[in-house]
Amino acid sequence: MAVDPTGTFVTLDDGRPAVRFTREYDHPVDRVWQFVTDPDELAHWFPSRTEFDLRPGGTVSFSGDPALEDTSGRVIAVDAPRHLSFTWEDDELHFDLEELPDKRTRFTLTNVLGTENTAARNSAGWDVCLAALDARARGERFEGPHAGAGAPWQELYAAYVTAGMPSGAPVPGMDA
């Protein structure tokens, strides 16, 4: 199976490593905001069941991922419907939405990495998740991160490693 990695490894202005993904959707910003913040919408593409207290300092609960223990994070910033950022374990996730002409939206996900060597692993996972979000935005169904062994993350991971993205971190549920 041919895979097309869509993430980019970046170093932020403050020196922290991150991976970034950008998509454009044929939906207005308010609809894409629902994809990012509504637990029922997130269930279609996000790797864990996620619920928010959508205010700075609010709790983010993550559950139901068979490869990870249930955990919680903290909301860093909210500027509805343009920006949401929160912590997830050692990482930060930043969702930025930009209104485009014709009621379209540019969606950018930046995963600020707690450890640089998670870049290839996380990128492969986000590619699978975002393929599910892309399908959801088109009104289609794709299991994405919930497909288990059927998700194409291994091919994506290999492609990111081959491209030179930092790698070597353990893969939850796969490494001893």
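How many bridges join strand β4 to strand β5, and in which sense do the two strands run? Four bridges link β4 (residues 59-63) and β5 (residues 71-79), and the strands run antiparallel. The answer comes from a predicted model, in which local features need pLDDT of at least 70 and side-chain atom pairs count only at pLDDT 80 or more, while totals for chains, interfaces and linings use all residues. Residues are numbered from 1 along each chain as its sequence is written, and side-chain values use heavy atoms, with hydrogens and water left out.

Strands and helices are taken here as DSSP runs numbered from the N terminus, with at least two residues (E) for a strand and at least four (H or I) for a helix. Two strands are called paired if DSSP finds at least two bridges between them. Within the β4 and β5 pair, S61 faces S72 of β5. Strand β5 also pairs with β6 (residues 83-88), again over four bridges and in the antiparallel sense. One bridge of β6 matches L84 with V78. With three residues between them, β5 and β6 form a hairpin. The loop of this hairpin holds P81, and the peptide bond that joins A80 to P81 is cis, with omega of about -5 degrees.

Two further backbone features deserve a friendly pointer. E89, in the loop between β6 and β7, has a positive phi of about 55 degrees although it is not a glycine. K103, in the loop between β7 and β8, likewise has a positive phi, near 55 degrees, and is a residue other than glycine. As background, most residues other than glycine have a negative phi, and most peptide bonds are trans. Relative accessible area, computed with a 1.4 Å probe on protein chains only, sorts residues into buried (under 20%), exposed (over 50%) and partly exposed (in between). E89 counts as exposed because its relative accessibility is 53%, and K103 is exposed because its value is 64%.

Turning to the interior, the largest nonpolar core has 37 residues. Such a core is a set of buried Ala, Val, Leu, Ile, Met, Phe, Trp, Tyr and Cys residues joined through side-chain atoms within 4.5 Å. The residues with the most contacts inside this core are W45, F46, F86, F95, F107 and W126. At least two core residues come from each of β2, α1 (29-37), β4, β6, β7 (91-100), β8 (104-112), α3 (119-137) and α4 (153-162). Helix α3 gives the most, with ten residues. In general, nonpolar side chains tend to be buried together in soluble globular proteins.

Contact means heavy atoms within 4.5 Å. Leaving aside residues up to four places away in sequence, F107 touches F21, T22, R23, Y25, V32, V36, W45, F95, D96, L97, L130 and L133.

R23, in strand β2 (residues 17-25), is buried because its relative accessible area is 12%. Not counting residues up to four places away in sequence, R23 touches T6, T105, R106, F107, D127, L130, A131 and D134. The side chains of R23 and T6 make a polar contact at 3.2 Å. A polar contact is a pair of N or O atoms within 3.5 Å; within protein, one must be able to donate a hydrogen and the other to accept it, and residues adjacent in sequence count only if both atoms are side-chain atoms.

Finally, T11 sits in strand β1 (residues 8-11) and is exposed because its relative accessibility is 54%. The C-alpha atoms of T11 and V112 are separated by 9.1 Å, although the two residues are 101 residues apart along the chain.
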